[in-house]
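Visitor: Please take a close look at one part of this model, the place where the two chains meet. Walk me through the contacts there, and say how far the prediction can be trusted.

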Amino acid sequence: MSMTDRDHPELEDLFATARTDCAWTPDRLMARVMADAEAVLQARAVSVARPGAMRSGVLPQLMQALGGWGGIGGLLTASFAGLWLGLAGVAGDFGLGSGTSSTAPDLAPDAYAMLAVEE
Amino acid sequence: MQEKPPRNPQAQPASLAQAPDETLLVLFGLGDREAARILTARLTPRAFRVALRMLGGDRAEAEDIAQEAMLRLWRQAADWRQGEARVTTWLYRVTMNLATDRLRMRRGVALDQIAEPEDGHPSVLAQMIAADRVAALDQALAALPERQRQAVVLRHIEGLSNPEIAVILGVGVEAVESLTSRGKRLLAAVLAGRKEELGYVDDRP
């Protein structure tokens with residue numbers, strides 16, 4: 001790395017002077033920078049402590065176990081889908097929705113017949 | 001400053017002071033104040049120097065930029081990806097970008113607003129001459145296109161290698177060479193008429 005400049009010696013002298021000019025950094029700047037570092041450390045300590053506080057409640061703990069809001073949304077969708085399937089299945093097979101005769105009476109005689117055979 | 005027991009019994013402050021920047025940054029990310037103190041001493045002057053030259057010698061603005069660049073480094077520490085970039089390269093890049101933003105914000109402000117020299121240094125006369133020369137350099141630097149100024153400052157004030165400057169500026173090494181040499185030619189041309197005023201005719205042996 002060459003710092004000299006044969007074509008422009010005065011330029012090199014200016015660079016050298018400028019390097020000397022800013023060879024020292026104001027103490028107040030160093031203090032401000034260090035204060036920022038302290039503030040960042042403290043902010044990080046607070047943000048690390050906060051999740052621990054949230055975990056102490058039952059509801060947040062349950063929510064976390066269920067995978068947060070996303071998990072709960074999925075759980076609700078699955079629950080409603082199950083409920084719908086259940087109701088649709090009952091209505092279709094047993095005609096509970098229609099209020100007329102169902103397949104249940106037809107099944108019953110067979111069941112009794114089987115019992116009779118066993119006897 | 002509050003004393004903190006060392007995380008690792010073998011990592012005494014003496015050896016910590018010799019640790020690479022990246023190690024110290026990771027330690028700071030884990031909450032080590034001593035690492036922050038060493039990094040502050042090591043890196044703040046670099047950010048300050050670069051900002052000072054980019055901003056035409058305005059110390060107050062350069063301090064703000066250096067502080068902001070270091071603050072971003074502190075915030076980045078916990079998520080620092082080891083081995084991806086050198087800490088100094090990252091810092092120079094952030095400082096350059098912040099300085100460029102500041103320059104764009106204040107474009108139109110007179111260039112001859114040079115900060116007053118501060119007390120407590122060599123002799124008053126020598127200091128005035130140095131201040132004049134540095135002010136002249138700052139004014140000449142301000143006349144350069146942004147990329148040329150960045151390349152010249154990183155090369156000739158910070159003494160960085162062309163490959164490192166290339167990474168900081170996000171260009172190829174050849175482009176850095178071109179930017180630096182064009183920048184210096186332009187600087188020399190801008191300063192040519194001020195040689196005598198700056199004492200270069202009589203001073204030369």
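Guide: Start with one ion pair. In this predicted model, the side chains of Asp13(A) and Arg133(B) form a salt bridge, at 3.1 Å from N to O. Asp13(A) sits in helix H1 of chain A and Arg133(B) in helix H6 of chain B, so this pair joins two chains. Side chains of opposite charge can pair when their charged atoms come close.

A second bridge crosses the two chains. Asp64(B) pairs with Arg32(A). Their closest N and O atoms are 2.9 Å apart. In total, the interface of chain B and chain A has 5 salt bridges. The search over all chains finds 15. Polar contacts add to the picture: 12 residue pairs between chain B and chain A count, with both residues at pLDDT 80 or more.

Now the elements. On chain B, the side that touches chain A draws two or more residues from each of helices H2 (21-29), H3 (33-54), H4 (59-76), H6 (124-142), H7 (146-157) and H9 (173-191). H3(B) gives the largest share, 11 residues. By type, this side of chain B divides into 24 nonpolar, 14 charged and 9 polar residues.

Next, the extent. The contact takes 31 residues from chain A and 47 residues from chain B. The size of an interface is often given as the accessible area lost when the parts come together. Here chain B and chain A bury about 3,700 Å² between them. Carbon and sulfur atoms carry 65% of that area. Three residues of chain B stand out: Glu63(B), Gln67(B) and His156(B). They supply 16% of the area that chain B buries against chain A, more than any other three residues.

Two of the helices named above also share an aromatic pair. Phe28(B), in helix H2 of chain B, and Trp74(B), in helix H4 of chain B, are 46 residues apart in the chain. Their rings lie 4.7 Å centre to centre. The planes are 50° apart, and the pair counts as tilted. Over all chains there are 2 aromatic pairs.

Last, confidence. Chain B averages a pLDDT of 84, and 80% of its residues score at least 70. One stretch of chain B, residues 109-121, falls below 50, with 17 contacts beyond near neighbours in sequence. Chain A averages 65, and 34% of its residues score at least 70. Within chain A, helix H1 (residues 9-21) has the highest confidence, at a mean of 85. That is the helix of Asp13(A). Helix H5 (residues 104-118) of chain A has the lowest, at 46. Residues 94-109 of chain A are below 50 in pLDDT and have 8 contacts beyond near neighbours in sequence. Residues 111-119 of chain A are also below 50, and that stretch has 0 such contacts in the model.

Terms used:
Residues numbered from 1 in each chain as written. Chains lettered and ligands numbered in written order. Heavy atoms only, no water. pLDDT = per-residue confidence, 0-100. Helix = DSSP H or I, 4+ residues; strand = E, 2+ residues; numbered from the N terminus. Contact = heavy atoms within 4.5 Å. Buried area = accessible area lost by both parts, 1.4 Å probe. Salt bridge = Lys/Arg side-chain N within 4 Å of Asp/Glu carboxyl O. Polar contact = N/O pair within 3.5 Å; in protein donor to acceptor, adjacent residues only side chain to side chain. Nonpolar A, V, L, I, M, F, W, Y, C, P; charged D, E, K, R; others polar. Phe/Tyr/Trp six-rings, centres within 6.5 Å; stacked < 30°, edge-to-face > 60°.
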